[in-house]
Amino acid sequence: MDDQTFTCVVISDFNVDNAVGYLSNSPERPLVQATAAPFGQVIQVLMDDSMECWKHRPEMAIIWTQPHAVIESFRQLHDHKTVSLETILKEVDSYASVLMRVTHRVKCAIVPSWVVPASQRASSMQDMKHECGIANILMRMNLRLAEHLDQAPNMHLLNAQKWIEASGQRAVNPKLWYMAKVPFGNEVFREAAKDVKAVLRGIHGQAKKLILLDLDETLWGGTVGETGWERLLLGGHDPVGEAFVDFQQALKALSHRGILLGVVSKNQEDVALEAIEKHPEMVLRTKDLAGWKINWQDKAQNVVDLVSELNLGLQSVVFLDDNPLERARVREALPEVLVPEWPDDPMLYRQALFGLSCFDAPSVSQEDRERTQMYVTERERTRLKTRVGSLDEWLQTLEMMVKIDELNSAHLPRAVQLLNKTNQMNLSTRRMTESELSAWADRPDRRVWTVHVSDKFGSSGLTGLVSVEVREEIGTIVDYLLSCRVMGRKVEETMLAVAIQYLQSRSVTNIVAHYRPTKNNAPILEFWKRSGLRYDEATNAFHWDPDRSYPVPPQITLKVDAVTPGRPDQLETVRS
Amino acid sequence: MPIGRIERIERAVFRAIDEINEARAREQRLEKSSDTVLMGESGRLDSLGLVNLVVAVEEQVAEEFGVTINIADTRARLQTANPYQTVSSLVEYIASILARDPNG
């Protein structure tokens with residue numbers, strides 16, 4: 001996605017040329033090529049498919065309006081006339097129904113929330129008054145709008161108030177309004193462009209997934225190797241100690257959203273781990289860490305090794321270190337890794353962390369919330385593996401269970417997340433939004449299954465996806481992707497068995513799968529070459545004779561959700 | 001007018017140019033030079049570009065000198081020579097405003 005440029009139309013009641021300028025000329029990835037729809041014609045542009053701005057089929061739309069410009073009753077309220085809340089909300093409902101028309105024209109639509117900067121309304125005791133204060137009503141309007149937009153997975157309501165606050169006194173400049181009909185200062189558009197790009201990264205699975213942290217002077221004050229854990233500056237009645245605790249709490253909160261945490265530190269491992277486990281004010285313990293590399297080696301190498309162990313890509317990583325030399329080293333050696341400048345003052349750490357707009361995701365799934373736990377249980381599995389002899393014996397002891405579900409709305413966000421971020425074990429590397437995948441699956445000749453893996457240590461969650469299509473008696477395995485964290489446990493073979501047995505039940509004359517090579521997906525080719533399917537290198541296609549059986553591996557207990565919508569009768573046939 | 005003040009004004013104008021360049025296409029960016037033509041036939045600023053520059057310059061001058069100035073008032077329009085013609089004419093115009101301001 002790094003080199004991809006997204007086309008975008010910005011629709012507004014005010015002059016959005018400055019917003020267009022920031023979106024189109026910011027070097028931050030992904031690049032955006034934005035144009036402004038005709039000024040002040042929001043409803044016409046939303047209603048009329050034939051308008052010029054839709055002709056080039058923009059991938060994205062931003063619909064940014066001022067509340068008094070599109071909600072007439074709010075304008076009256078703004079003029080301190082009496083208007084009922086019900087009237088205003090009805091108008092919001094009507095406006096939202098017009099907004100929803102855009103969902104079919106673009107892959108992604110962004111709607112900044114309505115704001116009226118404090119400098120543009122008379123300060124008054126009435127501002128927050130129940131059902132009549134301007135600020136009170138504005139909140140209700142935004143909540144109502146959020147309810148509507150939540151119905152469309154490709155519409156995203158962004159908090160514009162955050163941009164106003166970040167811009168401080170420069171949020172509004174009356175001169176810009178009177179001379180150019182621009183209601184916000186350019187700081188606001190700069191902040192907005194940053195958030196829009198974060199959304200694009202999020203919906204395309206490019207958000208950062210792992211924060212690698214230094215220890216001394218980053219997670220705590222002091223050098224543990226010199227002072228021992230008892231004398232570290234962490235918590236207590238000390239402003240800096242308190243700031244370190246707050247920073248750790250902020251990191252832990254991110255981990256609840258699915259961001260993994262790891263440690264890369266130059267220290268003696270047992271000393272550092274003792275501090276992590278024993279210091280009474282540590283918020284982050286080893287159970288909160290996906291992994292660590294604590295030694296005296298080069299940090300850049302440690303980053304590479306840890307990221308590889310966690311089966312992630314370097315482009316997923318943020319590296320935080322108080323030491324500018326270490327930051328420079330990692331930045332230079334690993335340009336894919338995000339190494340933000342870091343404040344000297346620990347009291348600014350939490351703010352700096354929240355300022356990183358690289359963790360945005362359109363939704364947070366249960367798998368996201370439990371991701372750290374999955375890595376912790378993986379550590380347990382690996383320990384067991386070293387004690388057990390053969391691979392088969394190990395798999396038997398794991399008590400592996402694979403559950404197959406038809407794609408459904410509950411799993412759609414996670415399925416799309418997996419589809420968009422899986423690089424290595426991905427046969428066709430199709431990237432799709434929720435609405436695109438949902439639309440693709442919504443045909444009788446196609447099936448999409450999600451794959452859920454668990455074992456005696458716990459659940460790895462939704463970790464795979466397979467889709468098939470039957471056309472003219474040819475059965476095609478279209479998507480086949482699996483999270484690297486369950487690789488090598490016969491889940492790969494099970495997924496193939498599910499797809500092949502289903503296609504056999506549809507009486508196809510050939511079963512085929514097309515491998516689309518990318519710079520990252522060599523591992524899946526290796527598996528498919530070992531899978532037993534015939535590989536035609538010239539066409540990058542794999543073939544299977546439908547008359548030959550492809551059983552589910554004996555180490556796997558397969559569970560097919562019999563109540564899934566679609567064709568449960570045929571899914572039953574895939575049981576081994 | 002001490003020479004230091006002109007340099008400080010120019011520095012503020014250059015910071016304003018940096019700011020507005022962020023939202024401009026590479027080929028439309030303004031060069032940070034006193035000879036840079038802002039308006040007119042060979043100028044790169046359209047009307048919105050000029051408004052953005054005016055706003056950014058006023059903010060940067062406020063930051064540099066701690067005073068609020070208005071460089072888009074009627075006096076600017078009444079000048080015989082367009083004060084927005086080049087960076088140097090803009091700097092001179094700002095200097096003349098600051099010279100009138102006892103705090104400037």
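Start in chain B of this predicted model by selecting helix H2 (residues 47-65) and helix H4 (residues 87-100), whose axes come within 13 Å and cross at roughly 50 degrees. An angle of that size falls outside the ranges that count as roughly parallel, roughly antiparallel or roughly perpendicular, and H2(B) and H4(B) are therefore oblique to each other. Looking along the pair, you will find that H2(B) passes H4(B) in a right-handed crossing. Now show the side chains at the contact, which is made by B:Leu53, B:Val57, B:Val61 and B:Phe65 on H2(B), and by B:Leu90, B:Ile94 and B:Leu98 on H4(B). Sorted by class, this contact has seven nonpolar residues, with no polar and no charged ones.

Move next to chain A and select helix H20 (residues 412-421) together with helix H21 (residues 434-441), which pack at an angle of about 100 degrees with their axes 9 Å apart. H20(A) and H21(A) are therefore roughly perpendicular to each other. On the H20(A) side the residues to display are A:Leu412, A:Pro413, A:Ala415 and A:Val416, and they meet A:Glu434, A:Leu437 and A:Ser438 in H21(A). By class, the contact of H20(A) with H21(A) has five nonpolar residues, one polar and one charged.

The aromatic residues are the next stop, and the structure holds 17 aromatic pairs over all chains. One of them joins A:Tyr95 and A:Trp114 in a tilted arrangement, with 5.7 Å from centre to centre and 40 degrees between the planes. This pair links distant parts of the chain, since A:Tyr95 lies in helix H6 (residues 85-99) of chain A while A:Trp114 sits 19 residues away, in the loop between strand E4 (108-112) and helix H7 (134-149). A:Tyr95 counts as buried at 3% relative accessibility, and A:Trp114 is buried as well, with a relative accessible area of 2%.

Then select A:Phe247 and A:Tyr349, whose ring centres are 5.4 Å apart and whose planes stand at 70 degrees, so the pair is edge-to-face. Here the partners are 102 residues apart, A:Phe247 in helix H12 (residues 239-256) of chain A and A:Tyr349 in helix H16 (residues 349-354) of chain A, and both A:Phe247 and A:Tyr349 are buried. Still among the rings, highlight A:Phe14, A:Trp64, A:Trp163, A:Phe184 and A:Phe189, which ring pairs link into a cluster.

Finish at A:Phe6, found in strand E1 (residues 5-12) of chain A, where a relative accessibility of 3% means that A:Phe6 counts as buried. If you draw a distance from its C-alpha atom to that of A:Thr87, 81 residues apart along the chain, the separation is 38 Å.

Note on methods: Residues are numbered from 1 along each chain as its sequence is written. Chains are lettered from A and ligands numbered from 1 in the order in which they are written. This is a predicted model: local features need pLDDT of at least 70, side-chain atom pairs count only at pLDDT 80 or more; totals for chains, interfaces and linings use all residues. Side-chain values use heavy atoms; hydrogens and water are left out. Axes are lines fitted to C-alpha atoms, for helices over the stretch in contact, and angles run from 0 to 180 degrees between N-to-C directions. Helices (H or I, at least four residues) and strands (E, at least two) are DSSP runs, numbered from the N terminus. Angles under 35 degrees count as roughly parallel, over 145 as roughly antiparallel, 65 to 115 as roughly perpendicular and the rest as oblique. Contact means heavy atoms within 4.5 Å. Ala, Val, Leu, Ile, Met, Phe, Trp, Tyr, Cys and Pro count as nonpolar, Asp, Glu, Lys and Arg as charged, and the others, Gly among them, as polar. A crossing is left-handed if the near helix is turned anticlockwise from the far one by less than a right angle, and right-handed if clockwise. Buried means under 20% relative accessible area, exposed over 50%, partly exposed in between (1.4 Å probe, protein chains only). Rings of Phe, Tyr and Trp (its six-membered ring) pair if their centres lie within 6.5 Å; planes under 30 degrees apart count as stacked, over 60 as edge-to-face and the rest as tilted.
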